[in-house]
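Reader: Before I rely on any label, I would like to hear the reasoning that leads to it. Please take me through the terms one by one.

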Amino acid sequence: YGNFETLTENRAESVKLLKLALTRPRFDPDAVERIRGQLLANIVYSDRDPERVAAKEWYAVAFAGHSYGRAAQGTAETVKAITRDDLEAYRKRVFARGNLKVAAVGDITPEDLGKLLDEVFGELPEKPDLAPVPMATLAKGTEKWVEMNVPQSVAVFGLPAMPRKDPDFMAAFVLNQLIGGGGFASRLMEEVREKRGLAYSVYSYLQPYRHASIMSGGVATRADAIGQSLEVIRKELQHIADEGPTPDEWENAKKYLIGSYPLRFDTNAKIASQLLGLLEDDFGPDYIDNRNKMIEALTLDDAKRVAKRLLDTDNLIVTIVGQPATATADKKG
């Protein structure tokens, strides 16, 4: 993924530089080492951040044996081992016209855009040489604890979800909004923070990938409250699976998602991002006109049916990073 933004008056020169960067990168040794140093520093930082460690461990557990189970940023060992030849080989193997998708917004005509794309990408090979990636099957319900000397414990939890083009995906999208995607208007925030004061923040999100889809979330709190927080989360997920959301919850979530949709198109960058997302998911431009209609058409019966399908708490995968509650109690004593 990349983005390119320029003033119209600078377009011609900018396009030349973009072409050079994509088709004839030099990978100078000092530049490679500078970026390597940045990546290694980020890995060190991530390994000390309980939220990032919890997320990394969750993916490793959920997608054990699959590409998704490996940290996207790599490890210190893999980053140190990468050579300039590796970078050039990757560029030649992956940068191609056949897997290229482009969205453009702004002061440019279709004709001029066509010329720009030919100039920048025309010399790339037609087809990429991509490694095949199988569909992923998530692990069954499990829990993993990683001990770390930090003030708060962090938990990441998640379940398998339906693919992006599944007929039930949009209902699951609305369900996630009312479960944990809606901030203070969500069920988990109300039960975990507002009613019990167990955590400052708790959230959930729906994430479809090409080879899997998940509903995931997280919570951070003191060590002696993490167990109760997860118990409340599990209970609420099961309650929604059994009973469905309330009519008010369902309608409020729908209204918010419908009303906020135009805010995704209030800048050129946002419009381009939305259009590219549609291309990646193989949706046509008519999706923009139909999206809110699809949400509006969803009924409470749809919510209840999809909740039973989605929220199987027996399959909940949880990773926890922090100090055991007993260790925290000893320090206070």
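Author: The protein chain of this predicted model has a secondary structure of 14 helices and five strands. Along the principal axes, its C-alpha atoms fill a box of roughly 65 × 50 × 35 Å, and 37% of its 333 residues count as buried. The accessible surface comes to about 19,300 Å², with 53% of that belonging to carbon and sulfur atoms.

Reader: Why is asparagine 176 called buried?

Author: Buried means under 20% relative accessible area, and asparagine 176 has 7% relative accessibility, so the residue counts as buried. Asparagine 176 lies in helix 7, which spans residues 169-181, and once neighbours within four places in sequence are left aside, its contacts are Gly181, Ser204, Tyr205, Leu206 and Met215.

Reader: What makes alanine 171 count as buried, and what is in contact with alanine 171?

Author: Alanine 171, also in helix 7, has a relative accessibility of 2%, which is under the 20% limit, and therefore it counts as buried. Apart from neighbours within four places in sequence, alanine 171 is in contact with Trp250, Leu298 and Val306. Its C-alpha also lies 9.3 Å from that of arginine 305, although the two are 134 residues apart in sequence.

Reader: Which residues of helix 8 are buried, and what covers them?

Author: In helix 8, residues 187-194, the buried residues are Arg187, Leu188, Met189, Glu191 and Val192. Their cover includes strand 2 (153-160), helix 7, strand 3 (201-208), helix 9 (223-243) and helix 10 (247-260).

Reader: Which members of the largest nonpolar core touch the most other members?

Author: That core has 46 residues, of which Leu175, Ile179, Val219, Leu230, Ile233, Trp250 and Leu311 touch the most other members. Valine 219 may serve as an example: not counting residues up to four places away in sequence, it touches Ser153, Val154, Ala155, Ala199, Ser201, Val202, Ile226, Ser229, Leu230 and Ile233. Apart from the largest core lies another, of 19 residues, among them Ala54, Leu138, Met148 and Ile317.

Reader: How many aromatic pairs does the structure hold, and why is the pair of tryptophan 58 and tyrosine 59 called edge-to-face?

Author: The structure holds eight aromatic pairs. For tryptophan 58 and tyrosine 59 the centres are 5.2 Å apart, within the 6.5 Å limit, and the planes stand at 80°, over the 60 degrees required, so the pair is edge-to-face. Both of these residues are buried, and ring pairs link them with Phe63, Tyr68 and Tyr209 into a cluster.

Reader: Why, then, is the pair of phenylalanine 283 and tyrosine 287 called tilted?

Author: Their centres lie 4.9 Å apart and their planes 35° apart; since stacked requires under 30 degrees and edge-to-face over 60, the pair is tilted.

Reader: How do you know whether phenylalanine 283 and tyrosine 287 are buried or exposed?

Author: Phenylalanine 283 has a relative accessible area of 21%, which is neither under 20% nor over 50%, and so it is partly exposed. Tyrosine 287 has a relative accessible area of 11%, under the 20% limit, and is therefore buried.

Reader: How many charged side chains of each sign does the protein chain have, and where do the centres of the two sets lie?

Author: There are 44 positive and 49 negative side chains, and the centres of the two sets lie 2 Å apart.

Conventions
Residues are numbered from 1 along each chain as its sequence is written. This is a predicted model: local features need pLDDT of at least 70, side-chain atom pairs count only at pLDDT 80 or more; totals for chains, interfaces and linings use all residues. Side-chain values use heavy atoms; hydrogens and water are left out. Helices (H or I, at least four residues) and strands (E, at least two) are DSSP runs, numbered from the N terminus. Buried means under 20% relative accessible area, exposed over 50%, partly exposed in between (1.4 Å probe, protein chains only). Contact means heavy atoms within 4.5 Å. A nonpolar core is a set of buried Ala, Val, Leu, Ile, Met, Phe, Trp, Tyr and Cys residues joined through side-chain atoms within 4.5 Å. Accessible areas come from the Shrake-Rupley method with a 1.4 Å probe; for residues, only the protein chains shown count as cover. Lys and Arg count as positive and Asp and Glu as negative; His and the chain ends are not counted. The place of a charge is taken as NZ of Lys, CZ of Arg, CG of Asp or CD of Glu. Rings of Phe, Tyr and Trp (its six-membered ring) pair if their centres lie within 6.5 Å; planes under 30 degrees apart count as stacked, over 60 as edge-to-face and the rest as tilted.
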